[in-house]
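Open your viewer and get ready to make a few selections. We will go from the whole chain down to single residues and back out to the surface.

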Amino acid sequence: MKILIDFFSLRPIWTRRCLEIVWLIYCVATLIQLALLVAFAYPVVGHADMATYLSFAMQIAHALALLLLVRIFLEIALRVLIKDEA
């Protein structure tokens, strides 16, 4: 029961570990998303026009931008946790 109380009371060590787990899960999800996008795009490459390439490029850029934003927000959260801990 104490473990659950420590977890839900947002103790710094638990929150830091959870944020690291969230980051790893989001990285894996982004990699899967990009792999599926490339797997879908591969058969289309020979028969596509420029709009198709731009569409795939935008989807890749969007996935990478979201990954970057998640990393920035997690870094901010970790800095707040370390400041509260000290």
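Helices here are DSSP runs of H or I with at least four residues, and strands are runs of E with at least two, numbered from the N terminus. Counted that way, the chain has three helices and zero strands. Please keep in mind that this is a predicted model.

**Stop 1: the whole chain.** Show the cartoon and follow it from the N terminus: the elements run α-α-α. Now colour by burial; of the 86 residues in the chain, 17% are buried. Switch on the surface as well, and you have about 6900 Å² of accessible area, with 77% of it belonging to carbon and sulfur atoms. If you draw a contact map, look away from the diagonal: among contacts with a separation of 6 or more, 69% join residues 24 or more positions apart.

**Stop 2: the core.** Select Leu19, Trp23, Cys27, Leu67, Leu74, Leu78 and Leu81, the seven residues of the largest nonpolar core. Helices α2 and α3 (50-85) each supply at least two of the core residues, and α3 gives the largest share, with four. As background, nonpolar side chains in soluble globular proteins tend to be buried together.

**Stop 3: Leu67.** Keep this core member selected and expand to its contacts. Beyond its neighbours within four places in sequence, Leu67 touches Trp23, Tyr26, Cys27 and Thr30.

**Stop 4: Thr30.** Move on to Thr30, which sits in helix α2 (residues 12-41). Is Thr30 buried or exposed? Its relative accessibility is 4%, so Thr30 counts as buried, the cut-off being under 20%. Where does the polar part of the Thr30 side chain point? Measure from a polar atom of that side chain to the backbone oxygen of Tyr26, and the distance should come to 2.9 Å. With residues up to four places away in sequence set aside, Thr30 is in contact with Ala63 and Leu67.

**Stop 5: the surface patch.** Finally, select Leu66, Leu68, Leu69, Ile72, Phe73, Ile76 and Val80 and show them as a surface. These residues form a nonpolar patch with about 640 Å² of accessible area together. Zoom in on Val80, found in helix α3. Val80 has a relative accessible area of 43% and is therefore partly exposed, a class that lies between the 20% and 50% limits.

Notes:
Residues numbered from 1 in each chain as written. Predicted model: local features only at pLDDT ≥ 70, side-chain atom pairs only at ≥ 80, totals over all residues. Heavy atoms only, no water. Buried < 20%, exposed > 50% of the residue type's maximum accessible area, 1.4 Å probe, protein only. Polar contact = N/O pair within 3.5 Å; in protein donor to acceptor, adjacent residues only side chain to side chain. Contact = heavy atoms within 4.5 Å. Core = buried A, V, L, I, M, F, W, Y, C linked by side-chain atoms within 4.5 Å. Patch = residues over 30% accessible without salt bridge, like charges linked within 9 Å, V, L, I, M, F, W, Y side chains within 5 Å. Areas by Shrake-Rupley, 256 points an atom, 1.4 Å probe, with all protein chains shown as cover. Salt bridge = Lys/Arg side-chain N within 4 Å of Asp/Glu carboxyl O.
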